[in-house]
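This report goes through one protein model, from its overall make-up to single residue pairs. The sequence and the coordinates come first.

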Amino acid sequence: MSDSVLELGTKKQRRTLDKVGGVSTVVGAGATFTGFFKGTENYVIYGRIEGDGDLEGTVVLEEGGLWRGNITALNVIIAGEIHGDVVGHKKVELAATAKIFGSISGPTVAIAEGAVIEGAIKMTS
């Protein structure tokens, strides 16, 4: 699974992902997590999350991943689908396959051509 994360980082030139020191938790493609998701490490989500997340590290929602709830993290990298608001304290990156149904906010927001956003974008300081 981590090969696709590295491929996303090198193939798409995602500098934030390249700087991630390591992934502590992976939610697999067939897995569903329900509840409040809180932590201090870096996370890669291939499966489904149902609930809000408050993460101090970087969260990567891979293509095919689904998150129903709000996400707050240091960096948020999205290639999957989110139904909720996204807050990146440092950066939010949307891949071409990203679908966001909610607002996005952060000091830096990078959006690839093809990403779908149905909501507001707020640049913060």
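The sections below cover composition, strand pairing, the nonpolar core, salt bridges and a surface patch.

## Overall make-up

The model is predicted, not experimental. The protein has 125 residues, and 44% of them are buried. Its secondary structure comes to 2 helices and 16 strands.

About 6300 Å² of the protein is exposed, and carbon and sulfur atoms supply 50% of that area. If contacts between residues at least 6 apart in sequence are taken, 9% of them join residues at least 24 apart.

## The open sheet

Six strands form an open sheet with parallel pairing, in the order β2-β5-β8-β10-β12-β15. The edges are held by β2 (32–34) and β15 (116–117); each has a single partner strand, so one side of each has no neighbour in the sheet.

At the β2 edge, β2 pairs with β5 (residues 48–50) in the parallel sense, over 3 bridges. One of the positions involved is Phe33, whose bridge partner in β5 is Ile49. In general, strands of a sheet pair through backbone hydrogen bonds, in either a parallel or an antiparallel sense.

## Pairing around β11

Strand β11 pairs with β9 in the parallel sense over 7 bridges. Within this pairing, Ile78 has Leu94 of β11 as its bridge partner.

β11 also runs parallel to β13 (residues 104–106), joined to that strand by 2 bridges. Here Val86 stands opposite Ile104 in β13. A further parallel pairing, over 3 bridges, links β11 to β14 (residues 109–111). In that case Val92 stands opposite Val109 in β14.

## The nonpolar core

The largest nonpolar core has 21 residues, and the ones with the most contacts inside it are Ile45, Val59, Trp67, Ile78 and Ile82. Four elements give two or more residues to this core: β4 (43–45), β7 (58–61), β9 (71–78) and β11 (86–94). The largest share comes from β9, with 4 residues.

Which residues does Ile45 contact, leaving aside its neighbours within four places in sequence? They are Val27, Phe37, Val59, Val60, Leu61, Glu62, Gly65 and Trp67. Two of these, Val59 and Trp67, are also listed with Ile45 among the residues with the most contacts inside the core.

## Surroundings of Ile71

Ile71 lies in β9. Its relative accessible area is 1%, so Ile71 counts as buried, the cut-off being under 20%. Leaving aside neighbours within four places in sequence, the contacts of Ile71 are Gly53, Val59, Val76, Ile82, Asp85, Val86 and Val87.

Leu55 is 16 residues from Ile71 along the chain, and the C-alpha atoms of the two are separated by 7.8 Å.

## Salt bridges

How many salt bridges does a search of the whole structure find? The search finds 3. As a general point, side chains of opposite charge can pair when their charged atoms come close.

Lys38 and Asp54 form one of them, with the closest N and O atoms 3.5 Å apart. This pair links distant parts of the chain, 16 residues apart: Lys38 is in β3 (residues 37–39) and Asp54 is in β6 (residues 53–55). Lys38 has a relative accessibility of 57% and therefore counts as exposed, whereas Asp54, at 31%, is partly exposed. Another salt bridge joins the side chains of Arg48 and Glu50, with an N to O distance of 2.4 Å. Both are partly exposed: Arg48 has a relative accessible area of 30%, and Glu50 has one of 27%.

Between Glu93 and Lys91 there is a salt bridge in which the closest N and O atoms are 3.3 Å apart. Are these two residues buried or exposed? Glu93 is buried, as is Lys91.

## A nonpolar surface patch

Ile111, Ile121 and Met123 make a nonpolar surface patch of about 270 Å². Of these, Met123 is found in β16 (residues 121–123).

Methods
Residues are numbered from 1 along each chain as its sequence is written. This is a predicted model: local features need pLDDT of at least 70, side-chain atom pairs count only at pLDDT 80 or more; totals for chains, interfaces and linings use all residues. Side-chain values use heavy atoms; hydrogens and water are left out. A nonpolar core is a set of buried Ala, Val, Leu, Ile, Met, Phe, Trp, Tyr and Cys residues joined through side-chain atoms within 4.5 Å. Buried means under 20% relative accessible area, exposed over 50%, partly exposed in between (1.4 Å probe, protein chains only). Contact means heavy atoms within 4.5 Å. Two strands pair if DSSP finds at least two bridges between them. Patches are made of residues with over 30% relative accessible area and no salt bridge: like charges are joined within 9 Å, nonpolar side chains (Val, Leu, Ile, Met, Phe, Trp, Tyr) within 5 Å. Accessible areas come from the Shrake-Rupley method with a 1.4 Å probe; for residues, only the protein chains shown count as cover. A salt bridge is a side-chain nitrogen of Lys or Arg within 4 Å of a carboxyl oxygen of Asp or Glu.
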